[in-house]
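Hi there,

Here is the structure I promised to hand over. Have a look at it first, and then read my notes below.

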Amino acid sequence: MTGFDLIVAGAGPAGIAAACRAAETGAKVLVLDNNPAAGGQIWRNDIPALWAQRLSNVEVRGGCSVIDDSILAHGVPIVLATGARELFLPFPGWTLPGVTGVGGLQALVKSGFEVRGKRVVLAGTGPLLLAVASLLRKRGASVTCIAEQAPRSALLRFATGLWRYPLKIAQGIELGGSLLGVPYFTDCWVEEAYGRDRVERVRLSGFEQDCDLLAIGYGLVPNTELATLLGCTLQDGFVTVDAMQKTWREGVWAAGELTGIGGVERSLVEGEIAGLAAIGELTEARKLFSRRAAWHRFASHLTGAFALRPELRALPRPDTIVCRCEDIRYNDLTRWTSAREAKLQTRCGMGLCQGRICGAANHFLFGWQDTSVRPPASAAPVSDLMES
Amino acid sequence: MSAVPDVAIVGGGIVGAACALECKRAGLSVEVYEQSTVGGGATASGMGHVVVMDDSEAQFALTHYSSTLWRELAAELPAAAEYLPCGTLWVAADEEEMAEVHRKQSFYEARGVPVEVLDAQQLADAEPHLRTPLAGGLLVSGDCVVYPPVVAQWLLDQAGVTIHHQEIRALADVPAGIVVNAMGAAAPRLSPGIPVAPRKGHLVITDRHPGFVRHQLIELGYLKSAHSASGDSVAFNVQPRKTGQILIGSSRQYGAEHKEIDREILTRMLRRAAEYMPGIGALTAIRTWTGFRASTPDKLPLIGPWAGREWLATGHEGLGITTSLATGRLLADLITGRTPPIPAEPFLPLRCSP
């Protein structure tokens, strides 16, 4: 790690933007990501040409996991851009094969997963449903319906506020064009998925629908494990940063969905500011503040419109699995009063994913906050821990 | 129920829970104080290994008796307690350690504990992922593994006692005939002057790799490292969990007060494990953590009266899970004046008073 002026953890949009801006001032930048290639979840195999071009001068190490805070020992400033994962909320049938996250399905399709001729139901909340529906249609899938849990009134408020974001209107028009004829329901969510060996049919609010795939997207949860291990301060689940994207931990900056959920443009501008600030280019960084402010407004607009409704808490049945790694069911959890208690008594969240899926679900279902993070920041070979 | 219970137990770990149940069974009224989560301290951070030990006659008597109680309890335990009768396999690396195998063999056999000596080939057959060559080993088949936090909660459920989730600042504040300090390594906070010191340990747990390890495996070199009275040490000590996960230990450090992972000792510990099981490096580690054992100068726990109405049930070092059940029985017998099933004298805290 020595010999670099900046380390960037995460090669999604925020990390790429941070790395490129810093590298373009002459800094020597190293980007680490646990995926084999750069792009992150949203740009997987599909980095826009402009950014791909700019990134060509930066060293990117894929398949690389950061274990703990020993990365700070080198004294090199670090930008955290570890992004977000999907929020999965349990409902009967959610663990059937053929039920995926919307973002997961998007990533699969971009990696070559064949959806031609498949009937897909998309359900959940937010604009990602539309973006993925559009992608699926382009790849020959039949999107049988889109179920948006938010009420129509909230969506109208959201839509009428969009005039402030011309880029989003343009994207919306393009999306709308590609989604002509797809039934779009508001106030609508999946209550149950059925099937013998895999999903065959879903029950939505008030009707049923046959399908081959069900993609669910209830929003995103930031990947704060590494930030927590490095000693950054969190508030309401997000990393706290100052105007320069600097965290409360000396030598550590954070950008993108770690600091708030709000789309790729928000992540890009935060990444640019963090990359510049971390190498001391504060004047350049300041020039981006107004652009960031606009995308922050857009993000809060988005969060307000697509807030999760309380009815979703009532979907799991007593025997519905909540923790997939350890096969823990809803009624195994109801006796306990905290994430820690549930973990110790049921092993909920103690499996391979270390609560990265059920932790956020339990936060929504029971209000539990699991703040305990231990190295490694993500599962890693034992031999990685043997390197001092 | 009267306003003031006969016994209040401060500390809801497995030792406190076992004490609560045995006192209740002895006809006493009991309440438990646990400021945080039941079984959330050393009970959760240890391995959950139930092992008969032979360091001293007293230690043997306590671990052997307790181990009998564990086997009796096994059929009643809930499935979540993950009782696994896998036995302990003490691994000998060389002829010197093989001599120790034979010494242990005669010690255990003289006291009625079934053991089996394995030669190099039998050891390799029993645990194919151990490196070869090794000299052999000693299999103690009555030892087992449990998941302690669930057992602690289950013991308290059986006892049916009130649990106060509040912090106790002074034992004098606790309304009860007898107040038992069962706070493990934190016991000196409420009982200043007791000879208990925290001894830090590290553990790593892997993803599910069923069958990779079949017995609790401990190197006999452990005797040289773990029992040195001072200094940091690591030993090869791995355990199969019922889930197929593998726990990798162990380390011992005095004077380390922070719960953060110490990368240097973790690295040493894992390299030691890899010396014995070269394939262990390729397994997937999902979590590392630390915990604090309550160690005493003579390596025996403190069970019994200390000062006035203040009693102790702490100082179990790395054997708290093993000896929890026997500790509960001894404590209840001492309180009610019954004759304990094994001599209680070696564990009486007053042995340590100046």
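**What helix α12 of chain A packs against**

The buried residues of α12(A) pack against β19 (328-329), α11 (330-333) and α13 (358-366) of chain A, and also against α2 (42-45) and α6 (148-159) of chain B. Contact here means C-beta atoms, placed from the backbone, within 7 Å. Buried means that 20 or more other C-beta atoms lie within 10 Å of a residue's own (12 or fewer is exposed, in between is partly exposed). Helices (H or I, at least four residues) and strands (E, at least two) are DSSP runs, numbered from the N terminus.

This is a predicted model: local features need pLDDT of at least 70 and side-chain atom pairs pLDDT 80 or more, while totals for chains, interfaces and linings use all residues. Residues are numbered from 1 along each chain as its sequence is written, with chains lettered from A and ligands numbered from 1 in the order written.

α12(A) covers residues 339-346, and 8 of its 8 residues are buried. Among them are R340(A), E341(A) and K343(A). After the helix comes R347(A), with a positive phi near 70°.

In chain B, look at strand β1 (residues 7-10): V7(B) and I9(B) point one way, A8(B) and V10(B) the other, and all are buried. Strands pair if DSSP finds at least two bridges between them. β1(B) runs parallel to β9 (residues 178-181) over 4 bridges, with A8(B) opposite V179(B). Another 4 bridges join β1(B) to the parallel β2 (residues 30-33), where V32(B) faces I9(B).

Happy exploring!

Methods:
Two residues are in contact if their C-beta atoms, placed from the backbone, lie within 7 Å.
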